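Hi,

Here is the structure I promised to pass on. Have a look at it first, and then read my notes underneath.

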Amino acid sequence: VQLQASGGGLVQAGGSLRLSCAASGRTFSNYGMGWFRQAPGKEREFVAAINWSGDSTHYADSVKGRFTISRDKAKITVHLQMNSLKPEDTAVYYCAASRYFATTSTDYGYWGRGTQVTVSS
């Protein structure tokens, strides 16, 4: 069972990146999915979540209006479109799967390795 996040990189402030999370080893089509991030010296924090059907989403206040979480029709891949990026968005971004539509990391039982996002000023 593996979740693999990709799409991270280095971008200037105001730019955009699109992260993707693909599952292998089992299907997560009926799981809620989420994105979390962890900056150096800080705790992991919630970014965005989407329910199993894709018709409900939730965002952290810090990214609301700039980030969009989505999942494809087969519900295999989850994306995080990040626009208007700020230096404070710099972190390792992790995707995760939960049996619930959740915003708390402890509700997520499956985690990917993470992808680095660096936003330069």
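Below is what I found, starting with the charged pairs and moving on to the core, the pocket and a couple of single residues.

Before anything else, please keep in mind that this is a predicted model.

**Salt bridges**

The count comes to four salt bridges. In general, side chains of opposite charge can pair when their charged atoms come close.

A good place to begin is Glu-45, which forms a salt bridge with Arg-37, with 2.6 Å between the closest N and O atoms. The two partners differ in how much surface they show: Glu-45 is partly exposed at 35% relative accessible area, whereas Arg-37 is buried at 5%.

Next comes the pair of Asp-89 and Arg-66, whose side chains meet at 2.8 Å, N to O. Asp-89 sits in the loop between β8 (77–82) and β9 (91–98) and Arg-66 in the loop between β6 (57–59) and β7 (67–71), so this salt bridge ties together parts that are 23 residues apart in sequence. Asp-89 is buried, at 1% relative accessibility, and Arg-66 is buried too, at 10%.

These two pairs belong together: Arg-37, Glu-45, Arg-66 and Asp-89 are linked in a network of salt bridges.

Asp-61 and Lys-64 also meet in a salt bridge, at 3.1 Å from N to O. Here Asp-61 is exposed, with a relative accessible area of 66%, and Lys-64 counts as partly exposed at 48%.

**The core**

In soluble globular proteins, nonpolar side chains tend to be buried together. In this model the largest nonpolar core has 36 residues, and Trp-35, Leu-80, Met-82 and Tyr-93 are those with the most contacts inside it. Many strands feed into this core: β1 (2–6), β3 (17–24), β4 (32–38), β5 (45–50), β7, β8, β9 and β11 (115–120) each supply at least two residues.

If you click on Met-82 and ignore its neighbours within four places in sequence, you will find it in contact with Gly-15, Ser-16, Leu-17, Leu-19, Arg-66, Phe-67, Tyr-93 and Val-117. Arg-66, from the salt-bridge network, is thus on that list as well.

Another residue to look at is Ile-50, found in strand β5. Ile-50 is buried, with a relative accessible area of 1%. Leaving aside neighbours within four places in sequence, its contacts include Gly-32, Met-33, Ile-69, Val-78 and Phe-101. Between Ile-50 and Met-82 there are 15 Å in space, C-alpha to C-alpha, and the two are 32 residues apart in sequence.

**The pocket**

The largest pocket has a volume of about 190 Å³. Which residues lie nearest its centre? They are Arg-37, Lys-42, Glu-45, Glu-88 and Asp-89, out of 14 that line it. You will recognise Arg-37, Glu-45 and Asp-89 from the salt-bridge network. By class, the lining has eight charged, three polar and three nonpolar residues.

**One backbone detail**

Ser-84 has a phi near 50 degrees, a positive value in a residue other than glycine. Ser-84 lies in the loop between β8 and β9, and is partly exposed, at 40% relative accessible area. Asp-89 is in that loop as well.

If you only have a few minutes, I would start with the network of Arg-37, Glu-45, Arg-66 and Asp-89, and then go on to Met-82 and its contacts.

Cheers

Methods
Residues numbered from 1 in each chain as written. Predicted model: local features only at pLDDT ≥ 70, side-chain atom pairs only at ≥ 80, totals over all residues. Heavy atoms only, no water. Buried < 20%, exposed > 50% of the residue type's maximum accessible area, 1.4 Å probe, protein only. Helix = DSSP H or I, 4+ residues; strand = E, 2+ residues; numbered from the N terminus. Core = buried A, V, L, I, M, F, W, Y, C linked by side-chain atoms within 4.5 Å. Contact = heavy atoms within 4.5 Å. 1 Å grid on protein atoms, 1.4 Å probe; cavity = no way out; pocket = protein on both sides within 12 Å on 5 of 7 lines; lining within 4 Å. Points joined across faces, edges and corners; volume = space filled by probe spheres on them. Nonpolar A, V, L, I, M, F, W, Y, C, P; charged D, E, K, R; others polar.
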